[in-house]
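Visitor: Could you take me through one part of this structure closely? I would like to hear about sheets and how their strands line up.

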Amino acid sequence: LSSFDLGPGNEGMDVEVKNNTVFMAAKASDANKKDFYVVDVANPANPTLKKDINTGEGLVVLSIRGNYAYAAHNDDENQIQIINISDESNPVLIKSFSFQSNNKEGKSIYSLGGFVYAGSKISSGKEFQIFDVSDPSNPVFKSSVEINADVNDIYVLNDRAYLATARDDAEILIFDVSNPASPSQIGVFNNSSSSDGLSVFALSDSLAFAGIGGNFVILNTQDLGNITVRSSYAAGGNVNDLYAREHLAFLGTSDSNKEFQIVNISDLDNAIFYSSYNFPQVAMGVDYLNNVIYVSVRSNDALRIITSQ
């Protein structure tokens, strides 16, 4: 339908849509370039820039909740950024803060219910950390968990945090976070290959989707002591992000000919290819609203907007 250019040397890393506005995380080799973009998509065929700002060394992922954007920062300190977006034409970075006893770059983030759940690259410190952000200007550390691997993605639903990790024996980990001060592991899925868990999306306590290496995997999580695969689909490239809606799953991948893919999941026991789109570079983030799909691409022409006829 349309695209939006971030300028030369910049790459789209993640995308989140709220009402008629798209928020984008970007990074470039030059730390002086803008890395947070607010784009008006009231007319998706003609996206226009509302505002762009520079928050530091680049952003890798976003989570929008209410009037705030929570971002994982591509730096070994101040790995979490909080941006006030109450005035979308004037976003303001109000807080940068670091992981506890962890000096590795931020990799993943999810905000829900006044808490931020964040993950880092593998570190001598603990890679999964939880912060109370009920006062966004004064985050409070609540707890952390040693994962001993990159935490590539986080999704939180019904007091469960789903982590996609680079651990060969635990590509998907599930934690009970009903008490954020004391998270406890309640489930683990070990894929038969050594591919990393890259993305995760949960629809209910019994159904989750994961990107594990180049495979899109549908998981039965009803019995947390025995998580099983209902079906899988080979995407031909790393499944960097995913979003499921009704009978379709939307994938952002590294397949050089099909960076964006749609999978038919109407039969959860038989996921099959539905359609695809070729972009000039790797698709990193996917979001969906009102029959329009927003994809971030590791290209300066980074925002791609797609809809059906």
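Guide: Here is a close look at a sheet, followed by a second one. The model is predicted: local features need pLDDT of at least 70, side-chain atom pairs count only at pLDDT 80 or more, and totals for chains, interfaces and linings use all residues. Residues are numbered from 1 along each chain as its sequence is written, and side-chain values use heavy atoms, with hydrogens and water left out.

Start with the open sheet of four strands in the order β22-β23-β24-β25. Its pairing is antiparallel. Strands here are DSSP runs (E, at least two residues), numbered from the N terminus. Two strands pair if DSSP finds at least two bridges between them. The edges belong to β22 (239–245) and β25 (272–277). Each has a single partner strand, so one side of each is left without a neighbour in the sheet. Neighbouring strands are turned by 25° against each other on average, direction ignored. That angle is taken between axes, which are lines fitted to C-alpha atoms; angles run from 0 to 180 degrees between N-to-C directions.

Now zoom in on β22. Six bridges pair β22 with β23 (residues 248–253), in the antiparallel sense. Leu 242 faces Leu 251 of β23 across this pairing.

Next, the second sheet. This open sheet also has four strands, in the order β18-β19-β20-β21, with antiparallel pairing. At its edges stand β18 (197–204) and β21 (228–234), each with a single partner strand. Here neighbouring strands are turned by 20° on average, direction ignored. β20 (residues 215–220) and β21 run antiparallel, joined by six bridges. Asn 215 has Ala 234 in β21 as its bridge partner.
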